[in-house]
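This briefing covers how two protein chains sit together and how their strands and helices are arranged. The topics are symmetry, the shared sheet, a helix and a single residue.

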There are 2 protein chains.
Amino acid sequence: MFQAEIDVMPKKEILDPQGKAVTGSMKNLGLAEIQNIRIGKHISLQIEADSAEVAHEKVELACKNLLANLIMESYTFKLEQL
Amino acid sequence: MFQAEIDVMPKKEILDPQGKAVTGSMKNLGLAEIQNIRIGKHISLQIEADSAEVAHEKVELACKNLLANLIMESYTFKLEQL
């Protein structure tokens, strides 16, 4: 059994309106030192697999086919054996 | 300047309907080995601060006051000097 921690983020060249809005709110909160906020998804999941290679492959498949929209988002993940 | 990578996740005792729905979709995709999906937010931001302690404090403030709903969500973050 493996645990995967996946980050799905808007690509750098894509405008992130949610992040922009939250950056504005930081100023109102007195936290103007905080900048360049970008907001994406964090996904944690478990995979039944015999090896780290197989688990890695399954997570890649899940990211490409379901979890990330590769036109606008990129993903990174870490795998850990449980 | 510091870079913070923040994960905001639904607490364990809170039902995550989005994660449940995606777990169901994995089966339809032929990825039934993937289970216990939970979906939260990943936030990356930059902080202008003189020390790691100050940066840490500002990120804590931002998480508590704006980025996470502490009733339903918990947060973790990593700081890195740029």
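The points below describe a predicted model, grouped by topic.

**Symmetry of the two chains**
- A turn of 180 degrees with a shift of 0.0 Å along the axis lays chain A on chain B, at an RMSD of 0.0 Å.
- The two copies are therefore related as by a two-fold rotation axis.
- A:Lys41 has the C-alpha of chain A nearest the axis, at 2.1 Å from it.
- Both copies use the same surface, since 100% of the contact residues of chain A recur in chain B.

**The sheet**
- An open sheet is formed by 6 strands in the order β3(A)-β1(A)-β2(A)-β2(B)-β1(B)-β3(B), with antiparallel pairing.
- β3 (73-81) of chain A and β3 (73-81) of chain B stand at the edges; each has a single partner strand, so one side of each is left without a neighbour in the sheet.
- On average, neighbouring strands of this sheet are turned by 20 degrees against each other, direction ignored.
- Strand β1 (residues 2-10) of chain A runs antiparallel to β3(A) and is joined to it by 9 bridges.
- A:Ala4 has A:Leu79 as its bridge partner in β3(A).

**Helix α2 of chain A**
- Helix α2 (residues 52-67) of chain A lies across β1, β2 (34-47) and β3 of chain A, together with β2 (34-47) of chain B.
- This helix runs at about 155 degrees to β3(A).

**B:Val54**
- B:Val54 is located in helix α2 (residues 52-67) of chain B.
- B:Val54 counts as partly exposed because its relative accessibility is 33%.
- From B:Val54 to B:Asp7 there are 47 residues in sequence and 20 Å in space, C-alpha to C-alpha.

Methods. Residues numbered from 1 in each chain as written. Chains lettered and ligands numbered in written order. Predicted model: local features only at pLDDT ≥ 70, side-chain atom pairs only at ≥ 80, totals over all residues. Heavy atoms only, no water. Least-squares fit on C-alpha atoms with pLDDT ≥ 70 in both. Contact = heavy atoms within 4.5 Å. Helix = DSSP H or I, 4+ residues; strand = E, 2+ residues; numbered from the N terminus. Buried < 20%, exposed > 50% of the residue type's maximum accessible area, 1.4 Å probe, protein only. Pairing = 2+ DSSP bridges. Axes fitted to C-alpha atoms, helices over the stretch in contact; angles between N-to-C directions.
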